[in-house]
Structures are given as structure tokens and as C-alpha cells.
Amino acid sequence: MEMEENKQGHSSVGMNGLFTAGMTPFLTRTIHPVGHGAFYTEKLTGFNGNIIRVVYDCGSKQAIKQWQNIIDSAFTAQGDTMAKPKAKGKRPPKEEIEILFVSHLDEDHISGISRLKKKYDVKCVVLPLLKDKTTKKLEFLLALGKTTSKTKESDIRALHSLIYNPQEYWGKDTKILYVEPYDPETGDINPASPKNLAELKTGETIKSFQALNIGVNFSDKGGDKCCWKYIPFNFDEKNRTKLFKKLVDECLVLKQFPDIASAVFRGCRSKEISALKCIYRQIGETKEPSRLNSNSLMVYSGPVESFAQDSLTVCREEDDKVAGEKLDSVKWGQGKNAACLYLGDADLVNTDVLSTIRIRLQAELPQLDMIQVPHHGSVNSYNHELQELNPDVEYYFLSHSKELVSCGKGKHPFPDSQVTADFKSPKRLLCISEELNTKCKMEYRIM
């Protein structure tokens, strides 16, 4: 946790002149313009300027050089897209990121992680639990097959480390936590007791839907009372693993490389990737490509219940550009909604997903102000019932590229027209592309 100070050394929560020192704390939520990928950040600033930074995914199909400045300046007060010039002399300490949530290991969700690691001090990384060597191998194959000829070998090695030894990749000072997948058929519907993030040790596993409470002071009474929580969860999709494993086992090319990582690093990558892409085409022909993303880690971000009921009054300021359209004026709303639901590339066609969310997040759903439409607006992952989780949600959002994207058989536009047509008002669905003016930033004053 850090403190933000002004030039006189006094704590300040100022941003663009809207908030002044010693006044109301606030939350800034930003959907960054990275094209076909995902880079979502939250910055919680407490009463005396104590700061918590949280990231959900960091990747894009764009080359990293095209968007690394967005990573570098993700938490700057002005929210611009250019990193500040380096000061001469001693290098300033890195800004801290309290939690990085990684939904899954596709390149368009993790390609910016190496840059994020270089720029920031990441204190904790939360990953979906991969239970055994077979699962890890399949996950590596899944991610590897979605790379391109332009993917660097260093990125392939980093991917391998993220799957097989994330502690080694991040270093001993970063806490690694794993989320156990939820099985709708056998899972306990009773919620597990919340955990305070600070009390967990690296390597620990938490259950899906088990809240992680973080300490941020949203009152003038001092202390770091846990007022905000993150609830990560994913699903145990046995059919997904069986389907992919069956096709891999039947592939003659892949049988030549029993040690997949070594084969890739020896330069046999092109044959392997071609074989994997062939497998994806087979899955595409079964009309089940979204099943490959069904273990995507999802996250609810919102206030702790007691705080929401007793203390939370929200004034929301929308940025002057939402989805590239000028608003008539800065719109303010008052109410109790400041939460967000991040869905990664989740498969909502599987009805167990939404029905379980509806049950397990029953107390949290009324707090929602924003929901991510999963998988960049793919019709293969979308379900209209998403809009029924909370009919009063103000905004839905997604990240997409204005260019056609390779997926399954051939190239396709994202979001799918059937998905965008399902929203009653175009302004309810924010489509954030690689164009900088589509960036969406929401600020919530918490009083």
C-alpha cells in the first residue's frame, strides 16, 4: 500500500481537480484501449491517500510496442497514454500493484505481463488452479496454439514459466495464490469464510467464490479496515479437458514431441502450432470453440457487505468520452452501485455458469454498476441471461479490435452483431477498441 503526496508532502487524493486532500476517498476503474485483449485496472484511494492498485488481465493481440505506454501510465492521475519522462539520477521506486488477476493464459490476455512486471512491483498474483501435470501440459498447448509466428521465443518461455513455475517467474517477493475450480454438480453452495489478503501465504489455494478482503481506509477514523473485496471463481469443465486431450492424443505430429516444451525451444514450433491450429479447426467445426475458455477465472469487485449497507454513498463521474462518443455533459449519479463483474473469456452458453453466479453472488449482484461481456463479444460465449443478473446495471463493456481476428475457422469480426443487437440502448454496451478515444474511465467518490 502506498501514499500519494503533493509537492508539499501532504497526502492528497486529487485527480483533475475533482478531489482534494483529506476529503472523500474514491475508486477509479479503467477499461484500457488495447484492442482484442483485456487490460482492466482499478485504483482505490483511501481517506488519507493510501492507494491500492488492482489489475485484471494484461494482454492484447497488438504488438507490445503499440500499447506499452498504456501499461506504463495505467495509474497516472491524468490517465494519459504516455509514460512520464525518467528523472535523472536515482531511479524512483516502482509503483505497487496489490493484486494481478489472470483469467487464463491465452496470449491476448497475458502478452503485456512481462512489461507490467518490469514497470510495477506486483505483490500478489491470483491464477486458476491447474491440478496436475496433464492439465498444465494441456493448458500450455492451448495457449501455445493461439500464438502467432510473430510471438517471441522469450514470450513462449515466459508462458511456460507462468504455467509450470509461476513463483520462479515472479520472484520470491510476489505472493502466488490459486483458485480452485467450482464444480456445479458437487460444489458446496454455502459460502466459504472470507480471507484477508494480507494473511494469506504464497502457494495457498482458495475456493471459488471465497472473498479476498483488502485493507483500504475509506473513513476518517484511521486504520486499514477491509472495506473492499474481490471474489475470484472459475469452473471445473471436465468435458473441455477430455475433448482437447482426445484430439491431442490422436494427433500424429504431436506424438513426435512427447516433451512439448523442449520441442518448442529446439525450434520445432511451427509444426506443433500448425497441428494445434488444426485441432482448433476441428473443435470449431463442432461449434464448441468457447469450451476451450470455460475455465476462465472471473472476478467480482465490490464493497464488503457491512460497508455497502452502512457507509457507501456513490457519486459516479463518467469520463467525457464513453465508447468514443462525447457525452452532452458530465453525468453524475448517486446511489449504492460501484461494483463490477469481470468475466474474461467465460463460456456463458454453459447455463451452469450463470445459474451458479446468480446463487453464489446473490448478495453482491445488486451492487453491480458494470459487467464485462465475455470473450470480446463472441456469440459462441454469450447468453442473453447475462443481462438478467441485475437489470439495473448501468453499463456492459468489452474489448475488441476493429480488425478481423483469427478464431476457429477463418477470421471474424468482434463483437458479433448478434451480441451488440441484444442490448436495448447502444450506450449501455461500451465497445473499447485499440483507438485511444474509446478508453473508458469511471470514477466513484465513496462518502
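In this predicted model, the largest nonpolar core has 34 residues, and the members that touch the most others are Phe101, Val126, Tyr230 and Met370. Val126 gives a good view of how such a core is put together. Setting aside residues up to four places away in sequence, Val126 touches Ile99, Leu100, Phe101 and Val102, and also Leu177, Val179, Leu212 and Leu297. A second core, separate from this one, contains 33 residues, including Val102, Ile156, Ile163 and Tyr178. Val102 thus appears both as a contact of Val126 and as a member of the second core.

Two of those members, Ile156 and Ile163, lead to helix H5, where both are buried. Helix H5 covers residues 153-164, and its 12 residues should span 16 Å at 1.5 Å a residue; the C-alpha atoms at its ends are 16 Å apart, so expectation and model agree. Alongside Ile156 and Ile163, the buried residues of H5 are Ala158, Leu159, His160, Ser161 and Leu162.

Helix H5 also borders an internal space. A search of the whole structure finds 6 cavities of 30 Å³ or more, and the largest has a volume of about 160 Å³. Its lining is made of 14 residues, with Ile110, Ser111, Asp155, Ala158 and Leu159 lying nearest the centre. Helix H2 (107-110), helix H3 (113-119) and H5 are the elements that each give two or more residues to this lining. The largest share, 4 residues, comes from H5. Sorted by class, the lining of this cavity has 8 nonpolar, 4 polar and 2 charged residues.

Two loop residues make a helpful pair to look at next. His400 sits in the loop between strand S21 (395-399) and strand S22 (405-406). With a relative accessibility of 9%, His400 falls under the 20% cut-off and therefore counts as buried. Apart from neighbours within four places in sequence, His400 is in contact with Gly35, His36 and His376, with Phe414 and Pro415, and with Cys431, Ile432, Ser433 and Glu434.

Thr202 also belongs to a loop, the one between strand S10 (195-196) and strand S11 (205-207). Its relative accessible area is 40%, so Thr202 is partly exposed. When neighbours within four places in sequence are left aside, the contacts of Thr202 are Gln167, Thr174, Lys175 and Ile176. Thr202 and Cys124 are 78 residues apart along the chain, while their C-alpha atoms are separated by 8.4 Å.

Methods:
Residues are numbered from 1 along each chain as its sequence is written. This is a predicted model: local features need pLDDT of at least 70, side-chain atom pairs count only at pLDDT 80 or more; totals for chains, interfaces and linings use all residues. Side-chain values use heavy atoms; hydrogens and water are left out. The expected span of a helix is 1.5 Å times one less than its number of residues. Buried means under 20% relative accessible area, exposed over 50%, partly exposed in between (1.4 Å probe, protein chains only). A nonpolar core is a set of buried Ala, Val, Leu, Ile, Met, Phe, Trp, Tyr and Cys residues joined through side-chain atoms within 4.5 Å. Contact means heavy atoms within 4.5 Å. On a 1 Å grid over the protein atoms alone, a cavity is a set of points where a 1.4 Å probe fits but cannot get out, and a pocket is an open set with protein on both sides within 12 Å along at least five of seven lines; lining residues have an atom within 4 Å of a point. Grid points are joined across faces, edges and corners, and a volume is the space filled by probe spheres set on the points. Ala, Val, Leu, Ile, Met, Phe, Trp, Tyr, Cys and Pro count as nonpolar, Asp, Glu, Lys and Arg as charged, and the others, Gly among them, as polar.
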